[in-house]
Amino acid sequence: MSDSTENLGDVRPLYLNGQWSRSGQPLVVTNPATGKPFARAATVVRDDVRRAIANATAASPAWRALTGQQRGSFLLRAAAVLASRTEEIAKTITLENGKPLAQSRGEVGMTVDHLQWFAEEARRTYGRVVPQQVANKRHLVLQQPVGVVGAIAPWNFPLVLAVRKVAPALAAGCPVLLKPASATPLSAVHLAEAFDEVGLPAGVFQTVAGSAQEIGAEFFANPNCRKVTFTGSTEVGRELMRRAAESVTNLSLELGGHAPLVVFDDANLEQAVQGAMIAKFRNTGQSCIAANRVYVQRGAYDRFVEAFARQATALKVGDGLEEGVDIGPLIDRAAVDHALRHINQAVEGGAKVVCGGKRIGSDDSAFLQPTILTDVAPDALCMREETFAPVVPVVPFDDEAEAIRLANHTEYGLAAYVFTQNINRAWRMAEALEAGTVGVNDAVPSTSQCPFGGFKQSGLGRELGSEGIEAYLETKHVSFGGVE
Ligand code: NAP
């Protein structure tokens, strides 16, 4: 342990087979607003993961034997614990991730809602009775828990995106091992505390932080880990798909996005600008469904850019713990370097910086000015790759066909937004956009009761909605013969 980490207090524990564990080489957790370490978190090595899978496997029969209502009652009570500790948990999220405190409170609120939704869904894992082809046969289709789940979560929404996996898996009857991102391992401790407080049986929920390579390797190699669910970058998702191919492991992937936001001349401009502000700058632009490209029809273009830039410039950037801050730091200094590379490359290609464009503070700072670019070349990096920062190009277009072509011109397909007051156009666009979620005059489309996931290289499978629990169920056909 270095001198600089000696004063970081007790190592924050992992939750393994119903026990708190402070073992392993600790992860040092840094506050992105200050660049300073503020906590340490316990880790596992591969043997620990193997043991955790064995304990989850041992816990599995009793957990799956409970009724959906009984499993759901654990989720409901855990939701109540999290809700009662909203302030403390929101502060943890802001400290480890950097997002403004109000948005961290929102993340806790959405987490509570997901737990409540899947507590209810636990009762609805319906199978069906299928009419027979042969007179003396009867056919049933059963839905059964897939078994032990390895869940890998990202840092941008460290609590709620973990719960989009953990809640449906538990509801379906599957024990889960959660691997949080190394940058944000502390939110998972709160989740474990909530499950511990409500008396979840040992081994049903466990946390495993540490080397992604080692933990991932065991998830895929261990025959008792029946499902891996991952949220993160498309690059890592591809690697996990290759690994899953070797063991034919059941895999769900929630990957990167490059959402277009399309504004037509007939849109309510105020609503469209407000929508773009939220879709771009929420979570400091570090959202998989963040608007990465804004397309505005020529008749509204100048007015849109002027109003959008005025509002973006007025955003208050600062430490997420401070009152009134709209934009926090990015996750680290390297994330600002990445965004600056996108900005500078666009500018070299002829783009104009309408507002922002610079790091705030010293070279080590993780703060970036909210940035709007115009005259961006179609092949600029920011038009093709996730910037994952408060940076956005605004591009004019002429007609609906062009808007559809431009919006769909990406390997990603997670979310898309369209602003129009024309109901027919709204329908046409909603149907034409190649994305798992389309917000029509709506910048905040995600909700517990509707499916979420990606077309194209944005992923495989769906979370949330009634589809969310299906990812953790196997379908079994039972055929009865010789029925008199
Ligand atoms: P990331 O680098 O892909 O990491 C995500 C998680 O995977 C982390 O827990 C990471 O662990 C782990 N990981 C990394 N390499 C691994 C490997 N070889 N084997 C097993 N696990 C591995 O993504 P991120 O930077 O945290 O998150 C940002 C990305 O996630 C963006 O692309 C964003 O669009 C995407 N995202 C998608 C959704 C969605 O729902 N579709 C939601 C949010 C974010 P370590 O932290 O220990 O490296």
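So, Val-28 and Arg-40: these two stand opposite each other, with Arg-40 sitting in β4. Keep in mind that this is a predicted model. The strands behind that pair are β3, residues 27-31, and β4, residues 36-41. They run antiparallel, and 5 bridges join them. Together they make a hairpin with 4 residues between the strands. If you look at Gly-35 in that hairpin, you'll find a positive phi, near 75°.

Okay, on to the open sheet. How many strands does the open sheet have, and in what order? There are 6, and reading across you get β9-β8-β7-β10-β11-β23. The pairing is mixed. At the edges we have β9, 205-207, and β23, 459-460, and each of those pairs on one side only. Just as a reminder, strands of a sheet pair through backbone hydrogen bonds, either parallel or antiparallel. For β7, residues 148-152, and β10, the sense is parallel, over 5 bridges. If you want a spot to zoom in on there, take Gly-150, which stands opposite Val-228 in β10.

Now, β10 brings us to the ligand. This strand, 225-231, supplies at least two residues of the shell around the ligand, and so do α7, 212-221, and α8, 234-247. Which of the elements gives the largest share of that shell? That's α8, with 4 residues.

The shell has 30 residues, and the ones that come nearest are Ala-153, Ser-182, Ser-233, Leu-255 and Glu-386. By class, we're looking at 16 nonpolar, 9 polar and 5 charged residues.

Let's go through some polar contacts. With Ala-153 it's the backbone: a polar atom there is 2.7 Å from an oxygen atom of the ligand. With Ser-233 it's the side chain, where an N or O atom is 2.7 Å from a ligand oxygen. And then Glu-254: a side-chain N or O atom lies 3.2 Å from an oxygen atom of the ligand.

What about cover? On its own, the ligand has 900 Å² of accessible area, and the protein covers 87% of that. And where does the ligand sit? The space it takes is the largest pocket.

Conventions: Residues are numbered from 1 along each chain as its sequence is written. This is a predicted model: local features need pLDDT of at least 70, side-chain atom pairs count only at pLDDT 80 or more; totals for chains, interfaces and linings use all residues. Side-chain values use heavy atoms; hydrogens and water are left out. A residue is near a molecule or strand if one of its heavy atoms lies within 4 Å of it. A polar contact is a pair of N or O atoms within 3.5 Å; within protein, one must be able to donate a hydrogen and the other to accept it, and residues adjacent in sequence count only if both atoms are side-chain atoms. Accessible areas come from the Shrake-Rupley method with a 1.4 Å probe; for residues, only the protein chains shown count as cover. On a 1 Å grid over the protein atoms alone, a cavity is a set of points where a 1.4 Å probe fits but cannot get out, and a pocket is an open set with protein on both sides within 12 Å along at least five of seven lines; lining residues have an atom within 4 Å of a point. A molecule sits in a cavity or pocket if more than half of its atoms lie within 2 Å of its grid points. Ala, Val, Leu, Ile, Met, Phe, Trp, Tyr, Cys and Pro count as nonpolar, Asp, Glu, Lys and Arg as charged, and the others, Gly among them, as polar. Two strands pair if DSSP finds at least two bridges between them.
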